[in-house]
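Student: I've got a new model open and I'd like to learn how to read it feature by feature. Can we go through it together?

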Amino acid sequence: MDISKQKNKCWNLDQITLGTCYYPEHWDSSLWRDDLIRMKEHGIQVVRIAEFAWNKFEPREGEFTIGWFDPFMKIAEEEGISVIFCTPTATPPAWLTEKYPEVLNADAQGLLYRHGLRRHYNYTSPKYWELSRRLIHKLAVHYCSYSNVIGWQLDNEINCEMAEFHAESDHKAFRDYMRMKFETLDNLNEKMGTTFWNQTYTDWEEIHLRRHTVGGFNNPHMELEGKRFISYAAYAFLKMQAEAIRPYLKEDQFITTNGIFPNVDYQRLVPEVLDFITYDNYPDFAYGMDANPRQEGNLKDRNSSFNLARVRSISPVFGIMEQQSGPGGWTGRILQPMPKPGQMRLWTMQAIAHGADYIGYFRWRTCGYGTEIYWHGLNDYSNGPNRRLEELKTIHEETVRLSDAGLAGARYQANYAILRDYDNDWDGAEDKMYGPLADKSMDGWFRAFQHNHIPFDFYYWRDETTAEELGQYEILIYPHPAILTRERADILMEYMKNGGTVIFGSRTGYKDEYGRCPMRPMPGFAGELCGVRVKDYTLLGPDDDMEYVSWEGDRMEAPWFNDVLEQKEGGEILAVFQNNYYDGEPALIRKQNGKGWGYYFGGGFSEDTANGFIQKLGMKPVRGVSHVPAEVEAALRSKTVMIQTDGTEVVRNYLFLLNYTKEEKTVELENKFEDVLSGETLTGQVKLPGYGVVCLMEEER
Ligand code: GAL
């Protein structure tokens, strides 16, 4: 397998590869070879191991049995199975937490999270760093040398289950972080607005992360810094791990971690610490007992496409470290139905359609003990044949065809992006005056894009973001960036001058980088981008009707929060409000900047609103299909396969059509295509069976 050093933030295989999560420590060693042989029979080439196995390597403090996995590794080597080895820091052993309780995380009241589940540790305790680094170093020395180790996973799902930290060492590390950032207490007090409610600090020792406060509330500016700090602490903890491994890493071995969780800046983690990101993809949450609202209607498991777009914003081509292969269930919490026949294949193809070149199923066999006895893997408790294993065989045959068709490395194609940044994500998580609005608006755009079959990306700001990089998108939607700095506004202006369009929603630009509201006209730096001033604004309360605007005579929703606008230099009024005390006042203003446009809309974006923009701005669906039902997702990956002598490129397109319903759906194709999955040539009306998928290939010259 050719896995070259990851220089471009992407998983870089030369084929679509299947793997699984395996736990040698859960099974009698007599089962290992049989398991690996059966994996191969089902097309599995990679196992991920050891992420919860600290105890196996260090059963007692300082007593090392680093080679515990050697017998398994040798069998894997003999059977030609590749291994992703993990650092086991997500589950510190009982001896460790008992002897060094300072490594434990705590709740806001300082009550320690004790042994019994996982992720009960913190990222800042010097003792945890010392013991983790010592063990990881030994593991790296020992296991990097195996010819079949293709890479490392650091920890497991950093910030999953617990994304807040309140241990003593966290408070101390936060203090150091604040001191480094603000240098003087006067500066800190000013930036954190501590004059309000007499919160002024007079000694660094008084600085804490949120503790037990009235109502659980905190100074909002301190809270935002707290989140920035948690991200920094996670970054530092993973960096320490990567640095312990890198000296022993072979040229073709990678370092990654799995999943995307709150309060982590992944755009910084990759590539500074990780070569690329992998994701844990569990679409069955949509059908479980704790499904979230985005999973309503016909977008249930298609919500994973929202998440996969986030993964792609970090690594355009990525791996799925854990892909659902059975119903999910924890004894006390999560309950999910069995995936229906075809759904495992559908979800696999969904991940591939969005840019995954590696699919590692969670897990090879369901564990018969522990919290996850109901979290099913490919094999049931009995270890006998089952229909999911049969489905896996089909998936394998199809991924071989996808590989032969050259799909690996192809990039998801989108002309439009929703712009996001961590400052607003984190500040908005606490500030209910715009955070929930941003979530709803992202839902609105997601639904509209899905139902209109318009591929989109998320683009997350990085410190290095340039107007040129943003220029890969024709239109950027930046729904409600309450925090918008001068620097970023300037980059957006340059992007527009080069021909780009930016759409802002209400609540834009009224905060500074600390989350304070400076004394200036709203919407701050967005004003000159769109030729607009916000002269009045209101939340639509429970007694307000849905607000509408009229845009060239067409009615469009302006929900949740309204900014009543005023035209400034260069601004052109496109729509007015229709339903409230600000009837007839401007609701949408745009301004031409060079070759591009800035739009300011004084509302949130429901699906109806997003549809309005899609229509008026002429945003285009994927090419090649003339009719796709709303229940079917269309996703396009492309890659250049040849550069001809005249310099023109030959681009190969892979158009995935995914039917998420159990009913048959009919799509209409504009051209003749080869379906890579079935090998058939398709034209005109094509019937997609329930949960069916096709991958249509064509070349563009
Ligand atoms: C993931 C986790 C796995 C397993 C799985 C099913 O979040 O990484 O270890 O717990 O979910 O719950």
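**Reading the model, piece by piece**

Tutor: Let's start with what surrounds one helix: the cover over the buried residues of helix 3 includes helix 1, strand 2 (44–49), strand 3 (82–86), helix 5 (126–143) and strand 4 (149–153). Keep in mind that this is a predicted model.

Student: Okay, which residues of helix 3 are buried?

Tutor: They are Asp70, Phe72, Met73, Ile75, Ala76 and Glu79. Right after the helix comes Gly80, with a positive phi near 70°.

Student: Helix 1 was in that cover. How do I describe two helices packed together?

Tutor: Two packed helices are described by the angle between their axes and the distance between the axes. Here, helix 1 (residues 32–41) and helix 3 (residues 70–79) pack at about 35°, and their axes are 10 Å apart. The crossing of helix 1 and helix 3 is right-handed.

Student: Which residues make that contact?

Tutor: Helix 1 brings Trp32, Arg33, Leu36, Ile37 and Lys40, while helix 3 brings Pro71, Phe72, Ile75, Ala76, Glu78 and Glu79. Sorted by class, this contact has seven nonpolar residues, four charged ones and no polar ones.

Student: Let's move on to pockets. How much space lies in the second largest pocket?

Tutor: About 910 Å³. There are 31 residues lining the second largest pocket, and the closest to its centre are Arg228, Asp265, Asp423, Asp463 and Arg488.

Student: Which elements give two or more residues to that lining?

Tutor: Helix 6 (168–182), helix 8 (220–245), helix 9 (266–272), helix 13 (422–430) and helix 16 (486–497). Helix 9 gives the largest share, five residues. By class, the lining of the second largest pocket splits into 13 nonpolar, 13 charged and five polar residues.

Student: Take Arg228 from that centre group. Is Arg228 buried or exposed?

Tutor: For a call like this, compare the relative accessible area with the cut-off: buried means under 20%. Arg228 comes out at 12% relative accessibility, so it counts as buried. The residue sits in helix 8.

Student: And what does Arg228 touch?

Tutor: Leaving out residues up to four places away in sequence, Arg228 touches Tyr177, Lys181, Asp423, Trp426, Glu513 and Tyr514. Asp423 is also one of the residues closest to the centre of the second largest pocket.

Student: Now the backbone. Where should I look for cis peptide bonds?

Tutor: Check omega. One cis peptide bond joins Val270 and Pro271, with omega about 10°. Pro271 lies in helix 9, the helix with the largest share of the pocket lining we just discussed. A cis peptide bond also joins Phe362 and Arg363, where omega is about -10°. Arg363 lies in the loop between strand 8 (356–362) and helix 12 (387–404).

Student: And phi? What is phi at Asp155?

Tutor: Positive, about 50°, although Asp155 is not a glycine. Asp155 is in the loop between strand 4 and helix 6. Another such case is Asn198, with a positive phi of about 55° although it is not a glycine. You'll find Asn198 in the loop between helix 7 (185–191) and helix 8.

Student: Which of these two is buried, and which is exposed?

Tutor: Asp155 has 0% relative accessibility, so it counts as buried. Asn198 has a relative accessible area of 71%, so it is exposed; the cut-off for exposed is over 50%.

Methods. Residues are numbered from 1 along each chain as its sequence is written. This is a predicted model: local features need pLDDT of at least 70, side-chain atom pairs count only at pLDDT 80 or more; totals for chains, interfaces and linings use all residues. Side-chain values use heavy atoms; hydrogens and water are left out. Axes are lines fitted to C-alpha atoms, for helices over the stretch in contact, and angles run from 0 to 180 degrees between N-to-C directions. Helices (H or I, at least four residues) and strands (E, at least two) are DSSP runs, numbered from the N terminus. A crossing is left-handed if the near helix is turned anticlockwise from the far one by less than a right angle, and right-handed if clockwise. Contact means heavy atoms within 4.5 Å. Ala, Val, Leu, Ile, Met, Phe, Trp, Tyr, Cys and Pro count as nonpolar, Asp, Glu, Lys and Arg as charged, and the others, Gly among them, as polar. On a 1 Å grid over the protein atoms alone, a cavity is a set of points where a 1.4 Å probe fits but cannot get out, and a pocket is an open set with protein on both sides within 12 Å along at least five of seven lines; lining residues have an atom within 4 Å of a point. Grid points are joined across faces, edges and corners, and a volume is the space filled by probe spheres set on the points. Buried means under 20% relative accessible area, exposed over 50%, partly exposed in between (1.4 Å probe, protein chains only).
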